[in-house]
Amino acid sequence: MEHDALVIGGGFAGLAAATYLARARRKVCVVDNRLPRNRFAKASHGFLGQDGSNPLAILAEAREQLSVYPTAALLQDEAVSARKDREGFTVSMASGQTLKADKLILAFGLRDELPPIPGLRERWGQSVLHCPYCHGIEFSDRRLGVLYRTEMSVHQVLIVAEWGPVTLYLDGARLEPDAARKLAERGIAVVDGPVSALEGDGPALSAVRLESGKRVAIDALYLAPRSCLSSPLAEKLGVDVEEGAMGPVIRTDADKLTSVPGVYAAGDIARAPHSVSWAFADGVTAGTSAHRAMVFG
Ligand SMILES: Cc1cc2nc3c(=O)[nH]c(=O)nc-3n(C[C@H](O)[C@H](O)[C@H](O)COP(=O)(O)OP(=O)(O)OC[C@H]3O[C@@H](n4cnc5c(N)ncnc54)[C@H](O)[C@@H]3O)c2cc1C
């Protein structure tokens, strides 16, 4: 076998898994096409020792540290197909290269499906945000908003209210009476009607424009978009995938082992909620579980 383990996706989960396997002196290869989910944000928050660091810089440093281990290999490529055979797994890359490994660790992350509102996509990770724990204190006591996507948006707006005065933009949806009562009790404003655009200078946000023509002043807008798996490889391998509140989640046990023996999954694709720290922790679990399986069978 060329590698003891092949890690598909070299973000926070994948690099953590590979680092632990390399430290266990196992031959591990990480295949990554360098599109981590938080690449739109200039600063990542909440990861101990790296609060405020650029997420791409954290990953670049992790790759550099991993590359020093003699049994670790890093490949910048896209895994496009994977199959289980008698000896293990064979994975083909977009470049045409094929790699074989005894264990597979899936860590290819999620892709967010952003609503097609003009002015939203280009501000994602800057002033249009997914999570106030990651990007909340930077907008403390400013004019905050939440864009309604699903019933979960009611929960989200009640959380965001902890950081400052917040408005829920319904964008054409209707609130259940119970939800409307909870928001009124918390003093949260609700704006009806479809949103037609977001406005502001560069990455900054200054107004939400409604289809009615009305503009509401704002500094930061939160939304919880639906997300999908970044790669179809889990389905191709026959791994069980469940439908979570915001999109698909690969089912794993406490060792991050999937329903297919020898295949582990870590990070955003195999859990909720999501953060760099949780993805890192999952990667450690997947890497050490795969190692124990190599030792004990
Ligand atoms: C805008 C934004 C800002 C965020 N800010 C924060 C923050 O401040 N703090 C925080 O804790 N969390 C933050 N998050 C959450 C954080 O980004 C994720 O929880 C974290 O990136 C998950 O790590 P992961 O390793 O599971 O996936 P990712 O980091 O997304 O890494 C997956 C990797 O797999 C690669 N890949 C995908 N398919 C393939 C394939 N077929 N072949 C090879 N490689 C592949 C991708 O290119 C990527 O490099 C933010 C999220 C968003 C959307």
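How many residues surround the ligand, and which are the closest? In this predicted model, the count is 36, and D32, N33, L35, H45 and V276 come closest. The views below start from there.

**View 1. The shell around the ligand.** Here we're looking at the residues that surround the ligand, sorted by kind: 13 are nonpolar, 16 polar and 7 charged. Several pieces of secondary structure chip in with at least two residues each, namely α1 (12–23), β2 (28–32), α3 (132–135) and α7 (276–296). Both domains take part too: domain 1 (2–112 + 226–296) and domain 2 (115–222) each give at least three residues to the shell.

**View 2. Polar atoms facing the ligand.** Zoom in on the ligand's own oxygen and nitrogen atoms. A polar backbone atom of A13 sits 2.9 Å from a ligand oxygen. H45 also uses its backbone, with a polar atom there 2.8 Å from an oxygen of the ligand. With H135 it's the side chain that does the work: one of its N or O atoms is 2.9 Å from a ligand nitrogen. As for how much of the ligand is covered, on its own it exposes 1,000 Å², and the protein buries 98% of that.

**View 3. Where the two domains meet.** Pull back a little and the chain splits into domain 1 (2–112 + 226–296) and domain 2 (115–222). Going by C-alpha atoms, their centres are 33 Å apart. At the join, 7 residues of domain 1 touch 8 residues of domain 2. Together the domains bury about 770 Å² between them, with 55% of that on carbon and sulfur atoms. On the domain 1 side, look for F40, H45 and M246: this trio supplies 55% of the area that domain 1 buries against domain 2, more than any other three residues. You've already met H45 as one of the closest residues to the ligand.

**View 4. A cis bond ahead of α7.** Follow the backbone from A272 to P273 and you'll find a cis peptide bond, with omega at about -5°. P273 is in the loop that runs between β19 (263–265) and α7. That helix, α7 (276–296), is one of the elements supplying at least two residues to the ligand shell.

**View 5. An unusual phi after β2.** Which residue has a positive phi although it is not a glycine? That's R34, with phi at about 60°. R34 belongs to the loop between β2 and α2 (55–67). The strand β2 (28–32) likewise gives at least two residues to the shell around the ligand.

Terms used. Residues numbered from 1 in each chain as written. Predicted model: local features only at pLDDT ≥ 70, side-chain atom pairs only at ≥ 80, totals over all residues. Heavy atoms only, no water. Near = heavy atom within 4 Å. Polar contact = N/O pair within 3.5 Å; in protein donor to acceptor, adjacent residues only side chain to side chain. Areas by Shrake-Rupley, 256 points an atom, 1.4 Å probe, with all protein chains shown as cover. Helix = DSSP H or I, 4+ residues; strand = E, 2+ residues; numbered from the N terminus. Nonpolar A, V, L, I, M, F, W, Y, C, P; charged D, E, K, R; others polar. Domains from an automatic or database assignment. Contact = heavy atoms within 4.5 Å. Buried area = accessible area lost by both parts, 1.4 Å probe.
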